Amino acid sequence: MANTSNADLFISVHANSVKDRRVRGIETYYLNLTTDSWAMTVASRENAASVHSVHELQDLVSKIAFKARVDESREFAAKIQEALYSGLASDVKGLRNRGVRKAPLIVLVGAKMPSILAEIGFLSNPTDEKLFKKRKFRKKVAQYIYNGIAAYAETLNPINVAQKNDVTP
């Protein structure tokens, strides 16, 4: 859909869930191969709806990832991660910066533009679950994602990016 619409960027926003209800934090992914066991676990859960297993995707991802916009996606992920974590950390006690990670995520395969998956918290964590139910928190997350997009756009060229007051949530 993003390719058909000639989108400049692709962001898939998710709320994670794990068995350990104490786990919290913000993490952002871009498409690439990895040996990181946590990233592979997240990829397995995210890719569960696909008819292909993560291991079957290794060949496909290796062909696509290195031809796609890996560097741009990594930089985009870093800007989004920085904006989300720095924005939310002052309001959310105990929030953890889980960093930028690479993983073979099906939702990112085939995107012709910089593409990322942002895990904005953990529904399995009772504190995060309560936050997700608050409209004010969700609006903050959206604003920080916008701030990350604006920061990334500023690294590309001197285009005029809408000011936060110009954006209607």
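1. A good place to start is the helix pair: H3 passes H5 in a right-handed crossing. Please keep in mind throughout that this is a predicted model. The two helices, H3 and H5 (residues 135–156), pack at an angle of about 140°, and their axes are 8 Å apart. Angles over 145 degrees would count as roughly antiparallel, so H3 and H5 are oblique to each other.

2. Which residues make this contact? From H3 come Glu 72, Glu 75, Phe 76, Lys 79, Ile 80, Ala 83, Leu 84, Gly 87 and Leu 88. The H5 side includes Phe 137, Val 141, Tyr 144, Ile 145, Ile 149 and Tyr 152. Sorted by character, the residues of the H3–H5 contact comprise 12 nonpolar, four polar and four charged.

3. You may enjoy the aromatic side of this. Searching the whole structure turns up two aromatic pairs. In one of them, the ring centres of Phe 76 and Tyr 152 are 5.0 Å apart with the planes at 45°, so the pair is tilted. Because Phe 76 sits in helix H3 and Tyr 152 in helix H5, the pair ties together parts that are 76 residues apart in sequence.

4. Now to the sheet. Four strands make up an open sheet with mixed pairing, in the order S1-S4-S2-S3. At its edges are strand S1 (10–16) and strand S3 (97–103), each of which pairs on one side only. On average, neighbouring strands are turned by 20° against each other, direction ignored.

5. A closer look at one strand pair: S2 (residues 26–31) and S3 run parallel and are joined by six bridges. Within this part of the sheet, Glu 27 stands opposite Gly 99 in S3.

6. How does helix H3 relate to the sheet? Helix H3 (residues 70–89) packs on it, touching S1, S2, S3 and strand S4 (115–122). The direction of H3 makes about 170° with that of S2. Helix H3 thus appears in both settings: it packs on the sheet and it packs with H5.

Notes
Residues numbered from 1 in each chain as written. Predicted model: local features only at pLDDT ≥ 70, side-chain atom pairs only at ≥ 80, totals over all residues. Heavy atoms only, no water. Pairing = 2+ DSSP bridges. Axes fitted to C-alpha atoms, helices over the stretch in contact; angles between N-to-C directions. Contact = heavy atoms within 4.5 Å. Parallel < 35°, antiparallel > 145°, perpendicular 65-115°, else oblique. Left-handed = near helix turned anticlockwise from the far one by under 90°. Nonpolar A, V, L, I, M, F, W, Y, C, P; charged D, E, K, R; others polar. Phe/Tyr/Trp six-rings, centres within 6.5 Å; stacked < 30°, edge-to-face > 60°.
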